[in-house]
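Biologist: Before I form an opinion, please put the sequence and the structure in front of us, and then let us work through them by question and answer.

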Amino acid sequence: MYVNSGYRCPALNAVVGGAKRSYHLLGRAADLTTGSRADNRRLYDILRTLPHHELIWERGGLWIHVAW
């Protein structure tokens, strides 16, 4: 599993088009990938069973955004 994005400072968040109230700004979000959409689907299904504030299947499964 790879973490594509974790904590973001406000300047980086603005550059990548992040939400103004993104959990990334608080260090409470991560964008994850396994390297394959099939394995991302498995990871997503596991994450659905765990506590979180946000769980988003991004760009057709290229990565998963999870915030807690």
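Biologist: In which helix does Asn-13 lie?

Modeller: This is a predicted model, in which local features need pLDDT of at least 70, side-chain atom pairs count only at pLDDT 80 or more, and totals for chains, interfaces and linings use all residues. Residues are numbered from 1 along each chain as its sequence is written, while side-chain values use heavy atoms and leave out hydrogens and water. Helices (H or I, at least four residues) and strands (E, at least two) are DSSP runs, numbered from the N terminus. On that assignment, the helix in which Asn-13 lies is α1.

Biologist: Is Asn-13 buried or exposed?

Modeller: The terms rest on relative accessible area, with buried under 20%, exposed over 50% and partly exposed in between, using a 1.4 Å probe and protein chains only. The relative accessible area of Asn-13 is 4%, and by the cut-off Asn-13 therefore counts as buried.

Biologist: Which residues is Asn-13 in contact with, once its neighbours within four places in sequence are left aside?

Modeller: A contact means heavy atoms within 4.5 Å. Leu-25, 12 residues away in sequence, has its C-alpha atom 7.4 Å from that of Asn-13. With the neighbours within four places left aside, the contacts of Asn-13 are Arg-8, Gly-18, Ala-19, Ser-22 and Leu-25.

Biologist: What is the relative accessible area of Pro-10?

Modeller: Pro-10 lies in helix α1, which covers residues 10-15, and its C-alpha atom is separated by 9.2 Å from that of His-24, 14 residues apart along the chain. Pro-10 is exposed, and its relative accessible area is 58%.

Biologist: What pattern does the protein follow along the sequence?

Modeller: There are two helices and four strands in the protein. Read along the sequence, these elements follow the pattern β-α-β-α-β-β.

Biologist: What is the radius of gyration of the protein, and why is the protein called as compact as a globular protein of its length?

Modeller: The radius of gyration is taken over C-alpha atoms, and the globule rule is 2.2 Å times the number of residues to the power 0.38. For 68 residues the rule gives 11 Å, and the protein comes close to that value, so it is as compact as a globular protein of that length. The C-alpha atoms fill a box of roughly 35 × 25 × 15 Å along the principal axes. The radius of gyration itself is 12 Å.

Biologist: What percentage of the 68 residues count as buried?

Modeller: Among contacts between residues at least 6 apart in sequence, 45% join residues at least 24 apart. Of the 68 residues of the protein, the share that counts as buried is 29%.

Biologist: Which residues form the aromatic pair?

Modeller: Rings of Phe, Tyr and Trp (its six-membered ring) pair if their centres lie within 6.5 Å, with planes under 30 degrees apart counted as stacked, over 60 as edge-to-face and the rest as tilted. The structure holds one such pair, and it is edge-to-face, at 5.4 Å centre to centre and 65 degrees between the planes. One ring belongs to helix α2 (residues 37-47) and the other to strand β3 (residues 54-58), so the pair ties together parts that are 13 residues apart in sequence. The two residues are Tyr-44 and Trp-57.

Biologist: What is the relative accessible area of Trp-57?

Modeller: Its partner Tyr-44 is buried, at 13%, and the C-alpha atoms of the two residues are separated by 7.6 Å. Trp-57 is partly exposed, with a relative accessible area of 26%.

Biologist: At what relative accessibility does Asn-40 count as buried?

Modeller: Asn-40 has its place in helix α2. Not counting residues up to four places away in sequence, Asn-40 touches several residues, among them Thr-33, Gly-35, Trp-57 and Ile-64. Asn-40 counts as buried at a relative accessibility of 1%.

Biologist: Which residues does Leu-47 touch, not counting those up to four places away in sequence?

Modeller: Leu-47 also has its place in helix α2, and it is buried, with a relative accessible area of 14%. Outside that range of four places, Leu-47 touches Leu-32, His-52, Leu-55 and Ile-64.

Biologist: Near what value is phi of Arg-59?

Modeller: Arg-59 lies in the loop between β3 and β4 (63-67), and at 64% relative accessibility it counts as exposed. Its phi is positive, in a residue other than glycine, and is near 45 degrees.
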